[in-house]
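Me: I would like to go through this model step by step, beginning with its sheets and then turning to loops and helices. Please reason each reply through to the value or name I ask for.

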Amino acid sequence: MDLKNAAFTNIFNIASAQNKTLVDLHWFTLVICAAIGFVVAGLLITVIAKFRTPENDDGTEPKQTSGNVRLEIIWTSIPLLIVTVLGVLTAVVMITVNPPVGTKKPDVIVVGHQWWWEYQYPKFAVTTANELFLPVGQNSLIEVRSADVVHAFWVVAFGQKMDAIPGHPTNMWIHPTKKGLFLGTCSEYCGAQHGLMRIIAKVVSQEEFDAWIKAQSAMPAASDDAAAAHGKELFNSATCVQCHRIAGDAVAQARIGPDLTHIAQRKTLGAGLLENTTDNLAKWIQNPQQFKPGMYMPNMRLTDKEAHDVAVYLESLK
Ligand code: CUA
């Protein structure tokens, strides 16, 4: 997965119906503000040029004026009109972008954690981490939560930013209009590794989405080769199971760290930090602190062989 090529920081890359509305308002506001800028700058330059002190200035004061009701009405009413128009349009856009939720259940629950993202699909009892899948052409209701501090969920091409506030779920609608990979990032400072809390959103066709849900719902089939079996034994006897969940596993049912049920299906590790390979996962397991200092996953002091075997086990969870 080439994260560098994905349309990342360009807010004008419109990939959702919501962002289309937002970008339209953005352009309209920009044109009005540019027009005001030109008028003000033009008047300023004219005044400077026309009324500068002449060479033969004799020192007499220019004619003094005090108060001009007509002018004051004009320069109060024009800005008032502009601000009113922009205010009304903003309200209209807000209503369009975020229609009321009513009794609708969320399609996805996004949970911000220090420093990764959890994605729950409550209708399908699927939980995954760091890679969000959405079907194209559907308006999905996203509920945003936080497990610890304030984060903000922002996929640039979807337009809207939404705060993840502990104890106070927020909602947003995302109606993707384009298939593809779209990136985002946590956009509220949430601690040392705030910068490494990337969002990877994949918009796929309805069929691909259904297939993905099906794959995510299936029980993972761990390989039974010796390294994987050893890795599983270590995983279940070390403290890994205090934080992680693997569906169908009797021991690993914690939900503090990312759900690892189908970790092998993900393209990246550590919230978009590393490519998901057995080698990278082994390095991560051996010392996650070298990649994200201060994160909650400790260095478990595994040997190279042990870390490798745990990685082999996890990478067999397809
Ligand atoms: Cu999470 Cu910043």
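Me: In what order do the three strands of the open sheet with mixed pairing lie?
Reply: The model is a predicted one, and in it three strands make up an open sheet with mixed pairing. Strand E4 (131-135) and strand E9 (180-185) are the edge strands, each pairing on one side only. Neighbouring strands are turned against each other by 25 degrees on average, direction ignored. The order is E4-E10-E9.

Me: Which residue of E10 is the bridge partner of Gly184?
Reply: E9 is joined to strand E10 (residues 198-204) by six bridges, and the two strands run antiparallel. Within this pairing, the partner of Gly184 in E10 is Ile199.

Me: Which strands of this sheet does H3 touch, and what angle does its direction make with that of E4?
Reply: Helix H3 spans residues 206-217 and includes Gln216. This helix packs on the sheet through E4 and E10, and its direction makes with that of E4 an angle of about 135 degrees.

Me: Is Gln216 buried or exposed, and which residues is it in contact with beyond its neighbours within four places in sequence?
Reply: Gln216 has a relative accessibility of 9%, and because buried means under 20%, it counts as buried. Once neighbours within four places in sequence are left aside, the contacts of Gln216 are Val126, Thr127, Thr128, His262 and Gln265.

Me: What is the strand order of the open sheet of five strands?
Reply: This open sheet has mixed pairing, and its edge strands, each pairing on one side only, are E3 and strand E8 (170-174). From one strand to the next, the twist averages 25 degrees. Read across the sheet, the order is E3-E2-E1-E5-E8.

Me: Which residue in E5 stands opposite Val110?
Reply: E1 pairs with strand E5 (residues 140-146) in the parallel sense, over five bridges. In E5, the residue opposite Val110 is Val144.

Me: How many residues lie between E1 and E2 in their hairpin, and which residue of E2 is the bridge partner of Ile109?
Reply: Strand E1 (residues 108-113) and E2 run antiparallel and are joined by five bridges. The hairpin that E1 and E2 form has two residues between the strands. On the E2 side, the bridge partner of Ile109 is Gln120.

Me: Why is strand E2 described as largely enclosed by the rest of the structure?
Reply: In a regular strand, side chains alternate between the two faces of the sheet. Trp116, Glu118 and Gln120 point one way from E2, whereas Trp117, Tyr119 and Tyr121 point the other way, and all are buried. Strand E2 (residues 116-121) is therefore largely enclosed, the number of its buried residues being six of the six.

Me: Which residue in E3 stands opposite Glu118?
Reply: E2 pairs with strand E3 (residues 126-129) in the antiparallel sense over four bridges, and these two strands form a hairpin with four residues between them. Opposite Glu118 in E3 stands Ala129.

Me: Which peptide bond is cis, with omega near 0 degrees?
Reply: The bond leads into Trp115, a residue of the loop between E1 and E2. The cis peptide bond, with omega near 0 degrees, is the one from Gln114 to Trp115.

Me: Are Ala125 and Asn130 buried or exposed?
Reply: Ala125, in the loop between E2 and E3, has a positive phi of about 55 degrees although it is not a glycine. Asn130, in the loop between E3 and E4, is likewise not a glycine and has a positive phi of about 70 degrees. With 74% relative accessibility, Ala125 counts as exposed. Asn130 has a relative accessible area of 7% and is buried.

Me: Are H5 and H6 parallel or oblique to each other, and which handedness has their crossing?
Reply: Helix H5 (residues 278-286) and helix H6 (residues 304-315) pack with their axes 8 Å apart and at an angle of about 125 degrees. H5 and H6 are therefore oblique to each other. The crossing in which H5 passes H6 is right-handed.

Me: How do the residues of the contact of H5 with H6 divide into nonpolar, polar and charged?
Reply: H5 contributes Thr278, Leu281, Ala282, Ile285 and Gln286, and residues from H6 include Asp304, Ala307, His308 and Glu315. The residues of this contact divide into eight nonpolar, three polar and two charged.

Key: Residues numbered from 1 in each chain as written. Predicted model: local features only at pLDDT ≥ 70, side-chain atom pairs only at ≥ 80, totals over all residues. Heavy atoms only, no water. Axes fitted to C-alpha atoms, helices over the stretch in contact; angles between N-to-C directions. Parallel < 35°, antiparallel > 145°, perpendicular 65-115°, else oblique. Left-handed = near helix turned anticlockwise from the far one by under 90°. Contact = heavy atoms within 4.5 Å. Nonpolar A, V, L, I, M, F, W, Y, C, P; charged D, E, K, R; others polar. Buried < 20%, exposed > 50% of the residue type's maximum accessible area, 1.4 Å probe, protein only. Pairing = 2+ DSSP bridges.
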